[in-house]
Amino acid sequence: MDAAFTEEQHAIRRTLRALLDKRCGPDEVKAAVRTPPGYDEELWGELAGRLGLPGLALPTAYGGAGRGPTELALACAETGRTVLPSPLIATAALAAPLILALGSERQRAGLLPALAAGELTGTLAVPGGRLPVALALTGPNDGDWAGGGRAGGIQAHKEEGGTGWRLYGEAGQVLHGHTAEVLVVAAHTGGFARSSTRLFLVRADGAAGLRRTRQAVVDETRPQARLELRDVPAELLGEDGGEAASAVGAALAATGVAAAAVLAAEAVGAADAALARTVAYVRERERFGRPLGSFQAVRHRLADLYVTLQAARSAAYCAACTTGRGNPGPDGSSVAHGSEPGVTGGAGGPGVAALALAQALEALRAVAAEAVQLHGGTGFTWERAAHLYVKRAAGDELLLGPAHRLRARAAEEAGLFAAGPGAGRAAGLLTAVDA
């Protein structure tokens with residue numbers, strides 16, 4: 001695998017870093033999370049309008065930049081450095097890829113350009129807070145993760161004498177669910193006998209019967225909401241038919257691979273910034289007449305964190321490059337793209353992305369914990385930025401983790417502990433991560 005970045009990819013990182021360093025310091029982050037939407041709408045408008053961030057991985061035919069998951073992951077590594085509160089993950093890594101993969105041409109043309117320009121934001125609503133399972137990251141998504149066919153979750157039924165649908169149920173822990181204008185909702189259709197999980201589009205503005213409540217969460221930079229749907233009008237994502245229904249699980253799994261790679265890069269960016277802040281602090285802070293960082297015990301701890309971070313960075317970039325082998329074409333299919341680093345070997349994306357996310361989450365957790373410790377008595381206070389990284393580490397594990405389940409799922413997919421069709425893929429998977 002050739003993981004060298006192109007000049008265009010370096011330019012994306014430089015431009016985004018310059019803007020965020022100027023507009024998204026710790027004080028700005030703390031102020032943004034206290035607003036009703038939970039993020040700085042003016043900064044989001046600039047990121048979307050000037051830099052085209054939410055449309056980075058969307059085809060040019062739908063108003064996007066025509067790049068892919070690799071560029072989106074690199075951009076998220078920069079947003080992770082500043083712990084940027086924004087609907088980027090919910091819109092660009094969850095909602096938009098599903099609309100691109102499953103939506104009809106009318107739905108794509110009507111929604112994707114607005115999402116790419118930041119005029120609309122979107123998210124994915126999964127009942128029961130089972131987003132990692134729905135995305136096939138911590139378990140297979142071919143079961144009744146969406147609530148089953150009898151009760152619970154969200155149920156969908158067709159309107160009598162019409163082509164529309166009605167949704168009834170509730171979903172908690174929906175990322176940016178209180179502000180997203182476009183909701184991609186997973187719901188059960190067909191009753192108990194012929195139950196199947198389908199995805200539906202809900203335009204949140206003015207939707208009758210929809211109630212959205214912002215929830216208290218560990219990481220305020222990732223606001224979440226509870227959605228209550230009481231006969232909410234909805235539109236089936238894609239065309240009605242058995243083939244489309246069978247494609248839902250595959251589309252969710254593919255979205256999960258890309259989302260895991262993006263979140264891994266973002267976690268690595270956060271860990272990198274936390275470590276840099278800690279190193280700067282121990283260089284300035286003096287104890288016993290000398291800088292704190294001059295003590296050998298402190299140096300050893302920082303060196304261990306640096307090694308952990310670099311390993312996680314390599315895994316995250318491996319996942320981003322592997323996922324970015326094929327970018328979405330105008331019809332949602334996967335096509336090669338010249339801007340991607342050359343990839344000549346390695347295993348497929350699912351196992352690599354899950355392992356990379358697990359390693360990145362563990363690295364962020366370790367670096368954030370040590371950052372608090374090495375800042376001494378002020379490390380856990382509101383005045384320091386260390387607590388932002390601690391909360392981000394905990395919140396990310398709740399969002400698409402935990403790490404041990406991601407590793408277990410990757411091992412299961414690779415056939416690591418059992419003979420079978422997947423056993424032959426285990427060596428290739430480990431080779432890709434090592435590369």
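The expected span of a helix is 1.5 Å times one less than its number of residues. Helices (H or I, at least four residues) and strands (E, at least two) are DSSP runs, numbered from the N terminus. The model is predicted: local features need pLDDT of at least 70 and side-chain atom pairs count only at pLDDT 80 or more, while totals for chains, interfaces and linings use all residues. Residues are numbered from 1 along each chain as its sequence is written, and side-chain values use heavy atoms, with hydrogens and water left out.

**View 1. The length of helix α6.** Helix α6 covers residues 105-116. Its twelve residues should span 16 Å at 1.5 Å a residue, and because the end C-alpha atoms are 16 Å apart, the two values agree. After α6 comes Gly 118, with a positive phi near 80°.

**View 2. The buried residues of α6.** Gln 107, Arg 108, Leu 111, Leu 112, Ala 114, Leu 115 and Ala 116 are buried (under 20% relative accessible area, 1.4 Å probe, protein chains only). Their cover, by contact (heavy atoms within 4.5 Å), includes α3, α5 (88-102), β1 (122-125), β4 (182-189), β5 (196-203) and β7 (224-236).

**View 3. The largest cavity.** A cavity is a set of points, on a 1 Å grid over the protein atoms alone, where a 1.4 Å probe fits but cannot get out; lining residues have an atom within 4 Å of a point. Points are joined across faces, edges and corners, and a volume is the space filled by probe spheres set on them. There are four cavities of 30 Å³ or more, and the largest holds about 70 Å³. Its lining includes Arg 23, Tyr 39, Trp 44 and Ser 86. Helix α2 (26-32) gives the most to this lining, three residues.

Methods: 1 Å grid on protein atoms, 1.4 Å probe; cavity = no way out; pocket = protein on both sides within 12 Å on 5 of 7 lines; lining within 4 Å. Buried < 20%, exposed > 50% of the residue type's maximum accessible area, 1.4 Å probe, protein only.
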